[in-house]
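User: Please take a close look at a single part of this model, the loops with unusual backbone angles or a helix and its packing, and place it in the rest of the chain. One connected account will do.

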Amino acid sequence: MADTKLSLTLLIDTSSQKVLFAEAGKEFVDFLFYLLALPLGTVTGLLSKKGMVGSLGNLYESVENLSQTYFLPSKDKDLLLRPYAPALIESPLLLTNEAQHAPTSSKKFYICSGCNKCISDDPSLICPTYHQQSGFSPFGTRQQSGFNPFGPQHSAFGATGCRLINTEVRYIAPAVGTSSSSDEGEGGLVKGMVTYIVMDDLVVKPMSTISTITLLNKFNVKDVGALEEKVVDFAMAEGLKLLEASMQSKSVLTSVFLGRNTEP
């Protein structure tokens with residue numbers, strides 16, 4: 001994972017030592033957009049307290065230090081410290097073992113074998129169809145001996161044999177990063193075969209000749225000779241720096257690749 005690298009082309013204003021924008025492919029844009037799907041606990045764990053602005057780092061540390069005995073028996077504090085990221089795309093740059101998507105093979109699901117309609121992840125639940133058809137509530141009063149509330153044609157499990165949702169079924173999840181037929185065989189989030197402009201403050205737009213000229217006018221570039229193109233690598237280390245800078249600055253690319261914070 002750590003060996004995975006992407007390449008970006010930066011346009012740098014050498015007079016102000018600032019990244020104006022980057023030219024990037026779909027993989028980098030997929031990575032940026034996937035950051036929005038990361039759970040807050042995952043982000044806090046990846047950055048640690050040093051990378052957090054405000055008090056979230058302290059909140060994270062409090063959960064770390066609090067003994068599991070203070071949590072409900074059915075609640076593991078790792079659900080807060082290492083929540084599973086949604087399996088939208090493969091993102092090897094940031095997803096460590098702690099932030100991997102939930103392994104669906106370990107999750108069990110159950111179906112009611114009577115109606116074959118109700119599904120749950122708790123095999124102790126009673127199928128609601130059982131209550132509807134029988135008119136019987138397990139929380140009601142005990143019936144008189146010899147009286148069948150379901151009538152002569154019904155058993156204590158309802159008209160269709162419903163009661164517990166406890167027949168285990170197998171869940172087959174799509175592979176991470178796979179695409180549907182409508183995605184034309186592409187994985188990830190955005191379309192490929194397109195070059196994107198990523199601004200210093202992470203505004204993302206499709207690139208075109210007109211948009212580039214418009215940006216140069218917007219930045220009031222007088223001396224084109226002061227502009228420098230620089231190809232840089234982007235790997236896990238830069239990904240973590242970008243995530244941290246994105247929560248603290250509007251000069252993210254300048255901070256990550258030039259080591260400067262241009263915030264006033």
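Analyst: Gln17 is partly exposed, because its relative accessible area is 33%, a value between the 20% limit for buried and the 50% limit for exposed. The model is a predicted one, and in it Gln17 has a positive phi near 50° without being a glycine. Gln17 sits in the loop that joins strand E1 (6–13) to strand E2 (18–24). A second loop residue with such a backbone is Leu202, a non-glycine with phi of about 70°. Leu202 lies between strand E6 (196–199) and strand E7 (204–206), and a relative accessibility of 23% makes Leu202 partly exposed too.

A positive phi also turns up at the end of helix H2, which is the part to examine closely. Ser48, the residue that follows H2, has a phi near 65°. H2 covers residues 40–47, and its buried residues are Gly41, Thr42, Val43, Thr44 and Leu47. Among the elements that cover these buried residues are helix H3 (56–65), helix H4 (78–81) and helix H7 (236–246).

Two of these neighbours can be described by the geometry of their packing. The axes of H2 and H7 are 10 Å apart and make an angle of about 115°. The two helices are therefore roughly perpendicular, and the crossing of H2 and H7 is left-handed. On the H2 side the contact uses Val43, Leu46 and Leu47; on the H7 side it uses Leu240, Leu243 and Glu244. By class that contact comprises five nonpolar residues, one charged residue and no polar ones. Glu244 is the charged residue, because Glu is classed as charged whereas Val and Leu are nonpolar.

H3 meets H2 at roughly 95°, with the axes coming within 10 Å. This again makes the pair roughly perpendicular. Leu40, Gly41, Thr44 and Gly45 of H2 touch Leu56, Gly57 and Tyr60 of H3. Here three residues are nonpolar, four are polar and none is charged. The glycines count as polar in this scheme, so Gly41, Gly45 and Gly57 belong to the polar group along with Thr44. Of the buried residues of H2, Val43 and Leu47 take part in the contact with H7, while Gly41 and Thr44 take part in the contact with H3.

Elsewhere, two residues are buried with a relative accessible area of 0%: Cys127 and Thr254. Cys127 is in the loop between strand E4 (119–120) and helix H5 (128–134). Beyond its neighbours within four places in sequence, Cys127 contacts Cys112, Cys115, Cys118, Cys162, Arg163 and Ile165. Its C-alpha is 5.7 Å from that of Leu164, although 37 residues separate Cys127 and Leu164 in sequence. Thr254 belongs to helix H8 (252–258). The C-alpha atoms of Thr254 and Lys18 are 5.6 Å apart across a sequence separation of 236 residues. Lys18 falls in E2, the strand on the far side of the loop that holds Gln17.

For the chain as a whole, there are eight helices and eight strands. Of its 264 residues, 32% are buried. Among contacts with a separation of 6 or more, 65% link residues at least 24 positions apart. The chain exposes about 16,400 Å², of which carbon and sulfur atoms supply 53%.

Conventions:
Residues are numbered from 1 along each chain as its sequence is written. This is a predicted model: local features need pLDDT of at least 70, side-chain atom pairs count only at pLDDT 80 or more; totals for chains, interfaces and linings use all residues. Side-chain values use heavy atoms; hydrogens and water are left out. Helices (H or I, at least four residues) and strands (E, at least two) are DSSP runs, numbered from the N terminus. Buried means under 20% relative accessible area, exposed over 50%, partly exposed in between (1.4 Å probe, protein chains only). Contact means heavy atoms within 4.5 Å. Accessible areas come from the Shrake-Rupley method with a 1.4 Å probe; for residues, only the protein chains shown count as cover. Axes are lines fitted to C-alpha atoms, for helices over the stretch in contact, and angles run from 0 to 180 degrees between N-to-C directions. Angles under 35 degrees count as roughly parallel, over 145 as roughly antiparallel, 65 to 115 as roughly perpendicular and the rest as oblique. A crossing is left-handed if the near helix is turned anticlockwise from the far one by less than a right angle, and right-handed if clockwise.
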